[in-house]
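Thanks for making time. I have one chain to walk through. Please bring up the sequence and the model.

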Amino acid sequence: MKTTCEVCSGAIEVPNDAIKGEIVSCPDCGTEYEVIEVKEGGVSLKPAEEVGEDWGE
Ligand SMILES: [Zn+2]
């Protein structure tokens, strides 16, 4: 599925099996987004600004 980059309005390809928490990046501007919700027909993303995730240390 595809979604739109908030920064450059480019198309971001999100894997159909994307899961919550997955990071995708815009191929045009490189902005990284975190998948916050997966629903039928689309995903919700938020900019992944925080560096370092909770991978337990
Ligand atoms: Zn972009």
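How many residues lie between β3 and β4 in their hairpin, and which residue in the turn has a positive phi? There are 6 residues between the two strands. The residue is G30, with phi of about 85°. Keep that turn in view.

A caution before we go on. This is a predicted model. Everything I quote is computed from it.

Now the overall layout. The protein chain has 5 strands and 0 helices. Along the sequence the pattern reads β-β-β-β-β. Of the 57 residues, 14% are buried. Take contacts between residues at least 6 apart in sequence: 16% of them join residues at least 24 apart.

Next, the sheet. It is open and has 3 strands, in the order β3-β4-β5, with antiparallel pairing. β3 and β5 stand at the edges. Each has a single partner strand, so one side of each has no neighbour in the sheet. From one strand to the next, the twist averages 45°.

Let me take the pairings one at a time. β3 and β4 run antiparallel and are joined by 3 bridges. One pair to look at is S25, whose bridge partner in β4 is E32.

Then β4 and β5. They also pair in the antiparallel sense, over 6 bridges. Start at the hairpin end. There are 2 residues between the strands, and G41 takes a positive phi near 85°. K39 stands opposite G42 in β5. V38 stands opposite V43. V35 has L45 as its bridge partner in β5. A general reminder here: in a regular strand, side chains alternate between the two faces of the sheet.

So what sits in the core? Which residues make up the largest nonpolar core? It has 8: C5, I12, V24, C26, Y33, V35, V43 and L45. Two strands, β4 (32-39) and β5 (42-47), each supply at least two of these residues. As a general point, nonpolar side chains in soluble globular proteins tend to be buried together.

Zoom in on Y33, one of the core residues. Which residues does Y33 contact, leaving aside neighbours within four places in sequence? The list is V24, L45, K46, P47 and A48. V24 and L45 also appear in the core list.

Now two isoleucines outside that list. First I23, which lies in strand β3. Is I23 buried or exposed? It counts as exposed, because it has 12 C-beta neighbours inside 10 Å. The cut-off for exposed is 12 or fewer. Not counting residues up to four places away in sequence, I23 touches E32, E34 and A48. One distance is worth noting. I23 and K46 are 23 residues apart along the chain, and their C-alpha atoms are separated by 9.6 Å.

Second, I19. I19 lies in the loop between β2 and β3 (23-25). I19 is exposed too, with 9 other C-beta atoms within 10 Å. Beyond its neighbours within four places in sequence, I19 is in contact with V35 and V38. V35 belongs to the core. I19 and E34 are 15 residues apart in sequence, and C-alpha to C-alpha they are 9.6 Å apart in space.

One last backbone point. Both hairpin residues I mentioned with positive phi were glycines, G30 and G41. Now go to S9. What is the phi of S9? It is near 65°, a positive value in a residue other than glycine. Where is S9? S9 is in the loop between β1 (2-4) and β2 (11-13). S9 is exposed, with 10 other C-beta atoms within 10 Å.

To recap. The sheet is open, ordered β3-β4-β5. The largest nonpolar core has 8 residues. I19, I23 and S9 are exposed. That is my walk through the model. Over to you.

Methods. Residues numbered from 1 in each chain as written. Predicted model: local features only at pLDDT ≥ 70, side-chain atom pairs only at ≥ 80, totals over all residues. Core = buried A, V, L, I, M, F, W, Y, C linked by C-beta atoms within 7 Å. Buried ≥ 20, exposed ≤ 12 C-beta atoms within 10 Å, placed from the backbone. Helix = DSSP H or I, 4+ residues; strand = E, 2+ residues; numbered from the N terminus. Contact = placed C-beta atoms within 7 Å. Pairing = 2+ DSSP bridges. Axes fitted to C-alpha atoms, helices over the stretch in contact; angles between N-to-C directions.
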